[in-house]
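New to this one? Here is a relaxed tour, starting at a single loop residue and working outward.

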Amino acid sequence: MSMAGNLRKVTGLGRVGGLRKVARLARRRPRVDLSHPARSPLGSSVVKCVTYQDGVRVPGCTDLVDAVRLVRKTGEGFVWLGLHEPTDREFAGIAELFDLHPLAVEDAVEAHQRPKLEHYGDTLFAVFKTVCYVEHEQLTATSEVVDTGEIMVFVGEDFVITVRHGRHGSLGPLREELEADPHQLAKGPAAVLHAIADHVVDDYLSVTDAVQADIDQVETDVFSENGARLDAGRIYQMKRELLELKRAVVPLGRPVEELATRPIRVVGPEIQTYFRDVLDHLIRAKEQIAAFDELLNSILQAHLAQVTVAQNEDMRKITAWAAVVAVPTMVCGVYGMNFEHMPELHWRFGYPLIMAVTAGACLAVYRGFRRNGWL
């Protein structure tokens, strides 16, 4: 039976116009398994389509229309559809099928969104910034330390749609962890939303721990013997990367707090308790980032102070050597005036005496500067 034939049997999928559009899409494409991205009728962006009932995966139910029909016919379970960087065309049929708001769809497709939580009728739309620590042998002025991505989540009464952007943040391991805990997964789509939020915030803590190691290394280098010669670009690069991490973590505070405290239809009180734990972890990550920012400011100021001190030391040495050289310059200048009557001009030991006096004067000036720490 074709997808169009199945679609006509589905009741309550949304507006009539939306059903007709999906039916037209179904008649143009053969029915295939959505779990195979290369053969997905809705586009290669589909990563996984799974149906859950009582926290257990329904085997063989990987066709999107069949899955929606099943959960809405029985009134039990939900559908979890995973996407990766879909295009407008690939997302159009899904948006119509689940009656998603156009503004939320636009945000999910375009990406580069600020972390937020929005309500569109009975659908919740959440945006999370994912972060990943970029391994590097040595921190330089151009090293990439933090890489960011995004996960958008649509949550309804009987569906969860995750849209991922970026090179990291795969939800495959998270799905496996949830499937290993049917009791938690049986709590519905809100349990998936909590698991994603918890996963994202745990990554924040992991990245902040790794960033702390880089900051400790920079601090050690600054206060080393040759700290004044450290490239200040390394400190500025750390501040830039920390700013990237801050943009991902700090704006998420209000959405998570809303999920933990405000009554939301698709998020039950039991799940809100779990979101309070996520909020605690998020606050910890925010405090760490704020402390890192202050520490980097202090390190940068200390480095600039070291550079100033080193420059002053160089100027003192230059000044001291100039004073030493000034003694013979003065003597030679006096004897270079070509006066007719110069003291001891025709004396046999005049030249050696002048050289000895000049050398003695230079030695005395040198020892004086050395004793005062200028040389």
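## A loop residue to start with

Let's begin with Asp-99, which counts as partly exposed because its relative accessibility is 38%. You'll find Asp-99 in the loop between H4 and H5. Its backbone is worth a look too: Asp-99 is not a glycine, yet its phi is positive, at about 55 degrees. Keep in mind as you browse that this is a predicted model.

Right before that loop residue comes a neighbour with another setting. Is Phe-98 buried or exposed? With a relative accessibility of 5%, Phe-98 counts as buried. Phe-98 belongs to helix H4. Leaving aside residues up to four places away in sequence, Phe-98 touches Leu-64, Val-68, Arg-72, Phe-159 and Ile-161. One of these partners, Phe-159, is 61 residues from Phe-98 in sequence, while the two C-alpha atoms are 8.4 Å apart in space.

## H3 alongside H4

Some of those partners lead us to a helix pair. Helix H3 (residues 64–74) packs with H4 at an angle of about 10 degrees, and the axes are 12 Å apart. An angle under 35 degrees counts as roughly parallel, so that is the label for H3 and H4. On the H3 side, Leu-64, Val-68 and Arg-72 do the touching, and they meet Ile-94, Leu-97 and Phe-98 of H4. Sorted by class, this contact of H3 with H4 has five nonpolar residues, one charged residue and no polar ones.

Look at the spacing along such a helix and a simple rule helps: an α-helix has 3.6 residues a turn, so residues three or four places apart point the same way.

## H5 and what comes after it

Now hop over to helix H5 (residues 102–110), where Ala-104, Val-105, Asp-107, Ala-108 and Val-109 are buried. What do these buried residues of H5 pack against? The list takes in helix H4 (88–98) and four strands: E4, E5 (123–133), E6 (146–155) and E7 (159–165).

H5 is followed by Ala-111, which sits in the loop between H5 and E4. Ala-111 has a positive phi, near 65 degrees, although it is a residue other than glycine. Its relative accessibility is 8%, so Ala-111 counts as buried.

Beyond that loop lies strand E4 (residues 116–120), which holds Lys-116. Apart from residues up to four places away in sequence, Lys-116 touches Asp-107, Phe-125, Ala-126, Val-127 and Pro-255. Lys-116 and Leu-252 are 136 residues apart in sequence, but from C-alpha to C-alpha they are 6.5 Å apart in space.

## H8 against H9

Another helix pair is worth a stop. Helix H8 (residues 189–222) and helix H9 (residues 232–249) pack at an angle of about 160 degrees, and their axes are 11 Å apart. H8 and H9 are therefore roughly antiparallel. The crossing of H8 past H9 is left-handed. Among the residues making the contact are Tyr-204, Val-207, Val-211 and Val-218 of H8, along with Ile-235, Met-238 and Leu-245 of H9. By class, the H8 and H9 contact has eleven nonpolar, two polar and three charged residues.

## Stepping back

Finally, the whole chain. Its secondary structure comes to twelve helices and seven strands. Of its 375 residues, 45% count as buried. The chain exposes about 20100 Å², with carbon and sulfur atoms supplying 54% of that area. Of the contacts with a separation of 6 or more, 67% are between residues 24 or more positions apart.

How values were computed:
Residues numbered from 1 in each chain as written. Predicted model: local features only at pLDDT ≥ 70, side-chain atom pairs only at ≥ 80, totals over all residues. Heavy atoms only, no water. Axes fitted to C-alpha atoms, helices over the stretch in contact; angles between N-to-C directions. Helix = DSSP H or I, 4+ residues; strand = E, 2+ residues; numbered from the N terminus. Parallel < 35°, antiparallel > 145°, perpendicular 65-115°, else oblique. Left-handed = near helix turned anticlockwise from the far one by under 90°. Contact = heavy atoms within 4.5 Å. Nonpolar A, V, L, I, M, F, W, Y, C, P; charged D, E, K, R; others polar. Buried < 20%, exposed > 50% of the residue type's maximum accessible area, 1.4 Å probe, protein only. Areas by Shrake-Rupley, 256 points an atom, 1.4 Å probe, with all protein chains shown as cover.
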